[in-house]
Every structure is written in C-alpha cells, then in structure tokens.
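I opened a new notebook page for this chain. My plan is to look up its surface, its sheet, its core and a pocket, then a few loop residues.

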Amino acid sequence: MAALRRGWAVALAALVAAAMCAGMASAAVYEVGDKLGWTIMGSPDYGAWAASKKFSLGDTLVFTYNKQFHNVIAVSKADYKNCNVTKPTATWATGKDSVVLNTTGHHYFLCGFPGHCAIGQKVDVRVLSSAAPSTAPAMAPAPAAAGGGSAGRAGAAPSPHANAASAVSSSFAVTVAASVLSVAAAGLNLL
C-alpha cells in the first residue's frame, strides 16, 4: 500500500512538472517581417504579417535590420497613424532588437528614419491574453533589464536565437515527466 501511495505521489509530481514545462513553452518568438526583416526593401506588408499571427503575453518580437538605415520606435496609436517619431515611448537601434510583449492590447512600432513609416515600415501588433495559444514554434527568452532599448510598453530581452537549448531542455523535461507517469501508471515501482 505504501508503494502504491509513493507511486501516485511520483505520478502527481511528474504531472505538475509537465504542466509547468508546457506553460513555459507557450511563449513564442516572431521575426518581424519573417525573412525580409525590418526594412523598406521589397515593400514588405507588415500589416498583413501581423494579421497572420496570434500574439500572446510573453511573446517576443525580433526586429532585424541594418542599423545604418533603420531603427525601431514604439509609439502611441495617434503617433503610429500619423508617423510621428518625435514622442517615442521606447527606441531600439542595435540592428537585432528583441522586444518582449508584456501587456495586452495594441503595440505600435515604426521606423524613425525620415520617410520610412510613410511608405509602410510600421507594424501594429495586437497582444491577446496569455490564455491564447501562440502560433510560432520557438520559445521566448527571459526578459532582461539591459539591452538596446529604453523602457516603454514593451521591454527588451536578450537575443532570442540562443534559446534552442531552452526549447530542447523543456521538451526533454516533458518527455521525462511522461515516462515517469507511464511507469507509475503501469504500477511498476522502480524508484
């Protein structure tokens, strides 16, 4: 009887661990403009790009661009509509900027270089609640206090492309937890 209780305790612990890992895997990383990146070359349609995604709390936007010709500015809705770059809520200019979406609602970004916003280098990203599933495959990195940006509605994060190990370790943890559950369900007492 004690062995059975211990088996169920292990199974419950594994289930909790699996649920925690699954929750961590829900944040996604989105490359703004996909392979084109953040540019005016090739006339990317950032409105269509954003409309094709489902953004959730904790997701990360990655803006990749030539920093000699572009930057990223977070602005208000009115400034977004008018391409006004004089009152940014945050600015990034490293050429490889990660922005964690940490509030729901609309986040407005544009390029602050003259004329770029007017020809379409701007994006309105709508963030749903954390309950909505992300559609991107990668995990988002943990937010960092330092980075290429200033404080605003969306915070900077470390480069998201170094997160492959996190995704693998989460997948491994879920696999191990499922294995422990299988053993416990089979009634084997291997511990």
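**Entry 1: the whole chain**

I began with the surface: the accessible area of the chain is about 10,300 Å², and carbon and sulfur atoms hold 65% of it. I note here that the model is predicted. The chain has 191 residues, and 36% of them count as buried.

Next I looked up the secondary structure and found 4 helices and 9 strands. Read from the N terminus, the order of elements is α-β-α-β-β-β-α-β-β-β-β-β-α.

I also checked how far apart in sequence the contacting residues are. Among contacts with a separation of 6 or more, 75% are between residues 24 or more positions apart.

**Entry 2: the sheet**

Which strands make up the open sheet, and in what order? I wrote down 5 strands in the order β2-β8-β7-β4-β5, with mixed pairing. The edges are β2 and β5; each has a single partner strand, so one side of each has no neighbour in the sheet. As background, I noted that strands of a sheet pair through backbone hydrogen bonds, either parallel or antiparallel.

I then went through the pairs.

- β2 (residues 55–56) and β8 (residues 122–128) run parallel and are joined by 2 bridges. In this pair, Phe55 stands opposite Val127 of β8.
- β7 (residues 105–110) pairs with β8 in the antiparallel sense, over 6 bridges. Phe109 stands opposite Val123 in β8, and His106 has Arg126 of β8 as its bridge partner.
- β4 and β7 are also antiparallel, with 3 bridges. Here Val75 has Tyr108 in β7 as its bridge partner.

**Entry 3: the cores**

Which residues of the largest nonpolar core touch the most other members? The core has 22 residues, and the ones I listed are Trp38, Phe55, Leu61, Phe63, Phe109 and Val123. The elements α2 (46–51), β3 (60–64), β4 (72–75), β5 (90–92) and β8 each supply at least two residues of this core. Another core, of 6 residues, lies apart from it and includes Val75, Tyr80, Tyr108 and Cys117. A general remark for the margin: in soluble globular proteins, nonpolar side chains tend to be buried together.

Two facing pairs from the sheet come back here. Phe109 and Val123, which stand opposite each other, are both on the list for the largest core. Val75 and Tyr108, which are bridge partners, are both in the core of 6 residues.

I looked up Phe55 in more detail. Leaving out residues up to four places away in sequence, Phe55 touches Tyr30, Trp49, Ala50, Leu61, Leu101, Val125, Arg126, Val127 and Leu128.

**Entry 4: a pocket**

The second largest pocket has a volume of about 170 Å³. What lines the second largest pocket? I copied out Gly47, Ala50, Ala51, Lys53, Lys54, Phe55, Tyr80, Val123, Asp124, Val125, Arg126 and Leu128. Both α2 and β8 give two or more residues to this lining, and β8 gives the most, with 5 residues. Phe55 appears again in this lining, after its place on the core list.

**Entry 5: loop residues**

I checked three residues in loops.

Asp34 is in the loop between β1 (29–31) and α2. Its phi is near 50 degrees, a positive value in a residue other than glycine. Is Asp34 buried or exposed? With a relative accessible area of 39%, Asp34 is partly exposed.

Cys83 sits in the loop between α3 (77–82) and β5. Cys83 is not a glycine, yet its phi is positive, at about 55 degrees. Why is Cys83 not counted as buried? Buried means under 20% relative accessible area, and Cys83 has 24% relative accessibility, so it counts as partly exposed.

Thr103 is in the loop between β6 (96–100) and β7. Its relative accessibility is 34%, so Thr103 counts as partly exposed. I also looked up its distance to Ser129: the two are 26 residues apart in sequence, and their C-alpha atoms are 8.6 Å apart in space.

Definitions and conventions: Residues numbered from 1 in each chain as written. Predicted model: local features only at pLDDT ≥ 70, side-chain atom pairs only at ≥ 80, totals over all residues. Heavy atoms only, no water. Pairing = 2+ DSSP bridges. Buried < 20%, exposed > 50% of the residue type's maximum accessible area, 1.4 Å probe, protein only. Contact = heavy atoms within 4.5 Å. Areas by Shrake-Rupley, 256 points an atom, 1.4 Å probe, with all protein chains shown as cover. Core = buried A, V, L, I, M, F, W, Y, C linked by side-chain atoms within 4.5 Å. 1 Å grid on protein atoms, 1.4 Å probe; cavity = no way out; pocket = protein on both sides within 12 Å on 5 of 7 lines; lining within 4 Å. Points joined across faces, edges and corners; volume = space filled by probe spheres on them.
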